[in-house]
Amino acid sequence: MTELKKAPPVLKLEDVAVAYKVRGGEIEAVQDVSFEINRGETHGIVGESGCGKSTVAWAVVNFLGANGYVKRGSIKFQGKELVGVTGEELRRLRGDQIAMVYQDPMQALNPSMRLGDQMSEVLTVHRGMAQKEAEQRCIEMLERVYMPDAANVMKRFPHQISGGQQQRVVIATALLNNPALLLMDEPTTALDVTVEAAVLDLIADLRREFDTAIMYITHNLGVVARVSTRVGVMYAGEMVERATVEEIYKNPRHPYTQGLIRCVPKLGADKAKSVLYPIRGRVPPPNNRPAGCVFGPRCDYVQERCREERPQLREFPNASLVRCHFAEEIVASDWTPSEDIMPPSITGKDVAAETILKVDDLKKYYKVTGSSLKDVIGLGEKRYVKAVENASFELPRGTTLGVVGESGCGKSTLIKTLIGLEDTTSGNAKFLGFDITNEIANRDLSLIQELQMVFQNPDSTMNPSYTVGQQIARPMERFKTVSKEKIREEVIKLLTAMRLGENYYNRLPRQLSGGEKQRVGIARALASHPDLVLCDEPVSALDVSVQAAILNLLLEVQQEFNTTLVFIAHDLSVVRFFSDQVAVMYLGQIMEIGPADAIYAPPYHPYSEALLSAVPIPDPTAKQKHIRLEGNVPSAINPPSGCRFHTRCPRRELLPDGGKICSQESPPWREADDGHRIFCHLPLETLRTFDPVITQLTEGS
Amino acid sequence: MAVKTITKSASGPSRLQTFWDSISIIFDSRVATVGMIMVFFWVILAFVSLFWTPYDPNASDFIQNLGPSAENWLGTDHLGRDILSRLMQGTQVILLKTRLPGDAGISIPGGVAIWGVLGSLSLGTLLGLNAGYRGGWWDQIIMQVLDALIAFPRIVLYLVVIAALGQGDLVVILAITITGAPGVARLVRSLAMDIKTRDYIRAAETRGENVWFIMFREILPNARGPLLVDGMLRVGYAIFAIGTLGFLGIGLPPPDPDWGNMVNEARRNIFSNQLAVIWPALAISTLVIGLNLFADGLREELTRYQK
């Protein structure tokens, strides 16, 4: 820190405050943020949603919209002041010396322009390069971001390449002018985990190669651990802690940082041996921040001084900066959870529980209509999207089946079929001994009652026109589980179980936060006392601290009502933590199924192995095997013959003839012990020889 | 119209606050406030006319085609009737009462424009919800029929309905209903197609709810904002339509004065008494503009508050 650098830092923010003018005053979204980024450094910024991470990035390129402005402080880019720069000068900076990469590549690319044209525009506009030359540069750059068949990609439109490739194009475009500063705002959040891993590798490579300064914004602690050199933690518009990445994870000093790390499950941790501790309360809205320390109301160590005096960013011996009055006295390992966030204790499962759900060879195909003349008049060959193929599993009462897989692998279709939103193409599914292969309209009311669902998106899970009480009461009225007079009482009982309380009864959805809406969604699903609840990514849209609370709540509910759960998620750590059994799906096919601990340890299915090695781990010291899948997920209309994974399988070479059999024959189910089954041609003995994906995980925090 | 719908939703004391919150947004918009004042001016005038008008609106008590004076504020028409009284009385058939056929002279509350719009809202909502939520063949058939209806020039449709069924308040209501329903149906269909993708509709489906319950209890309440605004605009169009029909002489039957008919009759003397044309024309346009401003302002505020 004290050592004088030859060149000024690429980006230096000093006490920056950003305000938005709104009706009846203005809101300071960001307050007193200072940090600097040097060449070749990746500065991560983490925090929950609404903490002002993106606002900081927008302030740098003066992209705050008509009503936002930098109120105080200075933003220096290579020693030059950026605050107040407008017009032509700003336009020359953007996309040339400062480039940005956003979350959704599909929205960053113009869908009606060829990729080559949009990319070369950057060079022709900023550098005045001739079109021919510019195109040549673009092809070179695409090759550097490991884009296969770069020259051909230039001629395509954005929708003709996959999401991961789109993000590569966006990154390549950002790098074309060799910018000094790259702002990345959640660039991998919309991507699947295997694609994310490849993009993160790419970012790390590029930083080394181009010596670019990168500001990397994310909410994911695992991602930040993988890419950054330094990390700033933001909370409610302030930077509360800034340190090197090792320090942040090994020795977090601010109570918020400690809380954040405590509420993400470690990959490999399960509910029996570990617990998640949510942070109580929620991020205060910018117009209603508490006096004193902004984290005060949620902090376990809060004292009188915290409520009165706003803490300053103080430097510690290890060069980390912390905004806390008592950071020296707080020791993370001595922390004990307070009463209100105490998670449920998990008791052992009754092993001999009855089988509640038995699925046998379930198939779900969707018919697709082509656009050729033959198809239109109905003579064309009938084609199907094989969304779910030969799914078979059994689920004992009171247990949880986790389903993981990348997007488009058929996990949602599987549960839509089970619940009856879609009919079944063929196969058997028995729930409590009753057939459930038909659509919901043909099912008996008492059967519908026993099968309920929790949805992904908290903003659309509740009908905005009805109060919380009305929405939870509706299933009770419909299924007549409770007599009319007792409904209100029962709803309040459920609300209390969801830790919401009676005063939520008359609230409308717009008065609730995301986590609260999700609790109501769970309460509504439980209102009819179902035996089986299907959860479609119930926590993936929530902030980590809220996610922990919802997971704990689901565990509690399961304990109390002995509910069976099918739990879909794309986050492998969450699934490992939450489930008793796990099924790994790829292209509609279950590749591996078995007890959770068995899936996460050898023998692995090659696909599970690749998935696990792609998961970003919130621990910069963890050693993880490096397996990256090549190519894209093939189309489900025309899935590969034989084993569906053979086109991308990194372990295929282990079989004779380079795995010829994989492309010809469907693999057998290899039965390992304890109901662990692997759908692979490789014999179990070979699968057992694989090393564990993750070694050296530091225990505890 | 607006007043009616809002008071309806304000049942129960716990909703009083939410009721006030929802109308207070009107005052956030200057446009909506101005519009509301213009509409309220006519609504109040209509209520006053129920009990009092300066003179008998249908009596030829004065000299023909008088200009404005202390006695007749807006002058008199070609039959020597007081124009102010006739204008005031004219608001009734539009906003306050619908005369039932027969000689008994019975009328029901709610003007022709209001009932016409309520009719097109109900019919359009029913069709639009079915088309939007059920999709497939339902959508195809309903929308094809409605598109065919839209393809007719509106005024021709009015003429066809009135020529077939004769003159009368109910016929005008029917004409407004039929011509308005396709537009409402399109709006509701697009809203329903959007709303049906939400998770709470999935939740209702997984409860095994009836399609009618899903359409009217789960989808419709969330479409009420745009529907309210559209309904208000449509009251304006309906008043226009009544004026047009009155001008053509096939609108609301006598004896009650009708604004469009007043314009038509005064038109013959336009060179001697221009004001007799201008007053009812001004009445129609202020009421319609007021409703439009109100609806526009409200729409702006509603979308601004939407998250």
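## A walk through the sheet of chain A and the helices of chain B

In strand 8 of chain A, Ile214(A) is the bridge partner of Thr42(A), and this pairing is a convenient place to enter the structure, which is a predicted model. Thr42(A) belongs to strand 3, which covers residues 42-46 of chain A and runs parallel to strand 8 of chain A, joined to that strand by 5 bridges. Strand 7 of chain A also pairs with strand 8 of chain A in the parallel sense, again over 5 bridges, and here Asp185(A) has Ile217(A) of strand 8 as its bridge partner.

Strand 8 of chain A, residues 213-218, is mostly covered, with 6 of its 6 residues buried. In a regular strand the side chains alternate between the two faces of the sheet. In strand 8 of chain A both faces are covered, since Ala213(A), Met215(A) and Ile217(A) are buried on one side, while Ile214(A), Tyr216(A) and Thr218(A) are buried on the other.

These strands are part of an open sheet of 8 strands in chain A, with mixed pairing and the order 6-7-8-3-9-10-12-11. Its edges are formed by strand 6 (98-101) and strand 11 (314-315) of chain A, each of which pairs on one side only. Strand 6 of chain A runs parallel to strand 7 (residues 181-185) of chain A and is joined to that strand by 4 bridges, with Met100(A) standing opposite Leu183(A) of strand 7. Helix 7 of chain A, residues 163-175, packs on the sheet where it touches strand 6 and strand 7, and its direction makes about 175° with that of strand 6 of chain A.

Leu183(A) leads from the sheet to the nonpolar interior. Apart from neighbours within four places in sequence, Leu183(A) is in contact with Ala57(A), Val60(A), Val61(A), Ile98(A), Met100(A) and Met215(A). In the largest nonpolar core, which has 287 residues, those with the most contacts inside it are Leu183(A), Met215(A), Ala113(B) and Ile242(B). Helix 8 of chain B gives the largest share of this core, 14 residues.

Chain B, to which that helix belongs, has a secondary structure of 13 helices and 2 strands. Its radius of gyration is 22 Å, close to the 19 Å that the globule rule gives for 307 residues, so chain B is as compact as a globular protein of that length. Of these 307 residues, 45% count as buried. Helix 10 (residues 211-219) of chain B has Ile214(B), Met215(B), Glu218(B) and Ile219(B) as its buried residues; because they cover an arc of only 120° around the axis, they lie on the same side of helix 10 of chain B. These buried residues pack against helix 5 (112-134), helix 8 (169-195) and helix 9 (199-206) of chain B.

Two loop residues of chain A remain to be visited. Leu267(A) is found in the loop between helix 11 (255-262) and helix 12 (304-308) of chain A, and this residue is buried because 25 other C-beta atoms lie within 10 Å. Not counting residues up to four places away in sequence, Leu267(A) touches Leu572(A), Ser573(A), Arg576(A), Val615(A), Ile617(A) and Ile694(A). Glu309(A), in the loop between helix 12 and strand 11 of chain A, is by contrast exposed, with 12 other C-beta atoms within 10 Å.

Conventions. Residues numbered from 1 in each chain as written. Chains lettered and ligands numbered in written order. Predicted model: local features only at pLDDT ≥ 70, side-chain atom pairs only at ≥ 80, totals over all residues. Pairing = 2+ DSSP bridges. Contact = placed C-beta atoms within 7 Å. Axes fitted to C-alpha atoms, helices over the stretch in contact; angles between N-to-C directions. Buried ≥ 20, exposed ≤ 12 C-beta atoms within 10 Å, placed from the backbone. Rg over C-alpha atoms; globule rule 2.2 N^0.38 Å. Arc of directions from axis to C-beta. Core = buried A, V, L, I, M, F, W, Y, C linked by C-beta atoms within 7 Å.
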